[in-house]
Amino acid sequence: MRKKPGLTVLFLFLVCAAAVLLYANTKLSGAPMNRIGTGPVGTEIAEYGTAVPERGTENPLTYGNVSDGVTEPNPEAGQELSAEAVPTPTPEPEYVYRIPENSLVGMPPVPDGFYVSKDAGELAAFLEREDVRKLIGDRTLVWNAETERIPDTSVRWYFDETILCIVWQEVEAEAVGTFSEVIIADGSQLRRKISSDELWSFAFETTSQFAADTDAVLAFGGDFYYHGRACGIGFYQRELYRFEPKSCDTCWVTADGDLLFTYREQIMEEEAAKRFAEENDVLFTLVFGPVLIDEYRDVTPELYLWGETEDTYARAALGLMDRHHYLTMNINCGPVGTEYYHLATLRQATEAMLKKGCRKAYALDGGQTATTVFGGQLINPVQFGVEKEISDIIYFASAVGAERQILPE
């Protein structure tokens, strides 16, 4: 019986088609073809001349791996290998808590942020905490565990993520030296308070009362601007309120917490003073003086109109160590009944601040105004034994809970 020719033809057609498909597949999957540019067989050259590694070569990317939810490029799948394929982590922005300029008070301190101990080792251990070290940064503290404090006195400190304050007492110029070291996260935490929040108000208060009004971590007697002394270039909340530049050095406090100095008769026109304040972002000034230390140089004058510089008197000074790092000092007589301790001259006050390594220092009103209040408690012995009602204070405040602002890069 004869075979049907149709089956034979169909069989030959299928064999030929298979051969054609096999040949095409061999051409497509055979020796690699070069991309833009030329190179050895087996190497692809990227458009801008960068060689794309083959499998098996050292390469931080493993083709086809899924890591952290990102599939890395696979050249065999036709994907381009580029830097954009590996996402760069976005760093978390730095931020601070900033107290608004027009706020009349600071933020309330954290209730459990205050500490007191007669054992310096407790504070030394506390300062090694990770969160404390973060605020301190690369700064060198004035306080150290070897500081020889006045016998039977405590070291006090406060900490939250925006402020560290340490208060202690040591013998200085044969008197009681009360020192306060402060580090703040933002310049808005160095503040000034005037009585009744109104210039030229007679509603004076003690430093302790001011401290309670402002939620201050540390309150410090100011320049007592309203005390019959028509001196200095006075600014408060960026407004000029007094211009008497001939007899008084001026300390200009900027929004970032820097201390700038001008000297007697250095600025003799009101418009120049306003321009200086605007150009340097000045919030307020202090007008007593003199300037004691300027960029580590002793500039204390031998003669100065205010402050009984040659007499022994209770002394007060505000010092700047570096950015957002301060030292305040009172030198007072001892407690009532103490005969050993006495008072200090202005020169002795300067020497004390120089020994502590101050970059800048400015003298403030002394006598009964020379007061340190920490956590609502008067720390130093006050001349004549009682706090005096005054017109203003300088204070340092916590900023926890204030406006959170991202710092510019």
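This passage describes two antiparallel sheets, the helices packed on them, the nonpolar cores and one buried arginine in a predicted model.

A good place to start is the five-stranded sheet. This sheet is open, its strands follow the order β10-β24-β11-β22-β23, and the pairing is antiparallel. The edge positions belong to β10 (190–194) and β23 (377–378); each has a single partner strand, so one side of each is left without a neighbour in the sheet. Helix α4, formed by residues 207–214, packs on this sheet and touches β10, β11, β22, β23 and β24. The direction of helix α4 makes about 50° with that of β24.

Within this sheet, strand β11 (residues 218–221) deserves a closer look. Both of its faces are covered: Leu218 and Phe220 are buried on one side, and Ala219 and Gly221 are buried on the other. Strand β11 runs antiparallel to β22 (residues 372–374), and three bridges join the two. Along this pairing, Ala219 has Val373 as its bridge partner, while Phe220 stands opposite Thr372. Four bridges link β11 to β24 (residues 392–396), again in antiparallel fashion. Here the bridge partner of Gly221 is Ile393.

The next sheet to consider is built from three strands. It is also open and antiparallel, with the order β15-β14-β16. Strands β15 (259–262) and β16 (282–286) stand at the edges with a single partner strand each, so one side of each lacks a neighbour in the sheet. On average, neighbouring strands of this sheet are turned by 30° against each other, direction ignored. Helix α5 (residues 270–279) packs on the sheet and touches β14, β15 and β16, and its direction makes about 35° with that of β14. Strand β14 (residues 250–254) and β16 run antiparallel and are joined by four bridges. In this pairing, Trp252 of β14 is matched with Thr285 of β16.

Attention now turns to the nonpolar cores. In soluble globular proteins, nonpolar side chains tend to be buried together. The largest core in this model holds 40 residues, and those touching the most other members are Leu286, Tyr362, Leu364, Phe374 and Phe396. With residues up to four places away in sequence not counted, Phe396 touches Ile163, Val182, Ile184, Gln189, Leu190, Ala216, Val217, Leu218, Tyr326 and Thr328. Another core, of 35 residues, lies apart from the largest one, and its members include Leu123, Trp157, Ala344 and Ala352.

What surrounds Arg192, leaving aside its neighbours within four places in sequence? This residue lies in strand β10. Arg192 has a relative accessible area of 7% and therefore counts as buried, the cut-off being under 20%. Its contacts beyond those sequence neighbours are Asp223, Tyr225, Phe235, Tyr236, Tyr241, Phe284, Thr285, Leu286, Asp392, Ile393 and Tyr395. Two polar links can be picked out. The side chain of Arg192 reaches the backbone oxygen of Thr285 at 2.9 Å, and a polar contact of 3.1 Å joins the side chains of Arg192 and Asp392. Thr285 is also the bridge partner of Trp252, and Leu286, another contact of Arg192, is one of the residues that touch the most other members of the largest core.

Technical notes
Residues are numbered from 1 along each chain as its sequence is written. This is a predicted model: local features need pLDDT of at least 70, side-chain atom pairs count only at pLDDT 80 or more; totals for chains, interfaces and linings use all residues. Side-chain values use heavy atoms; hydrogens and water are left out. Buried means under 20% relative accessible area, exposed over 50%, partly exposed in between (1.4 Å probe, protein chains only). Two strands pair if DSSP finds at least two bridges between them. Axes are lines fitted to C-alpha atoms, for helices over the stretch in contact, and angles run from 0 to 180 degrees between N-to-C directions. Contact means heavy atoms within 4.5 Å. A nonpolar core is a set of buried Ala, Val, Leu, Ile, Met, Phe, Trp, Tyr and Cys residues joined through side-chain atoms within 4.5 Å. A polar contact is a pair of N or O atoms within 3.5 Å; within protein, one must be able to donate a hydrogen and the other to accept it, and residues adjacent in sequence count only if both atoms are side-chain atoms.
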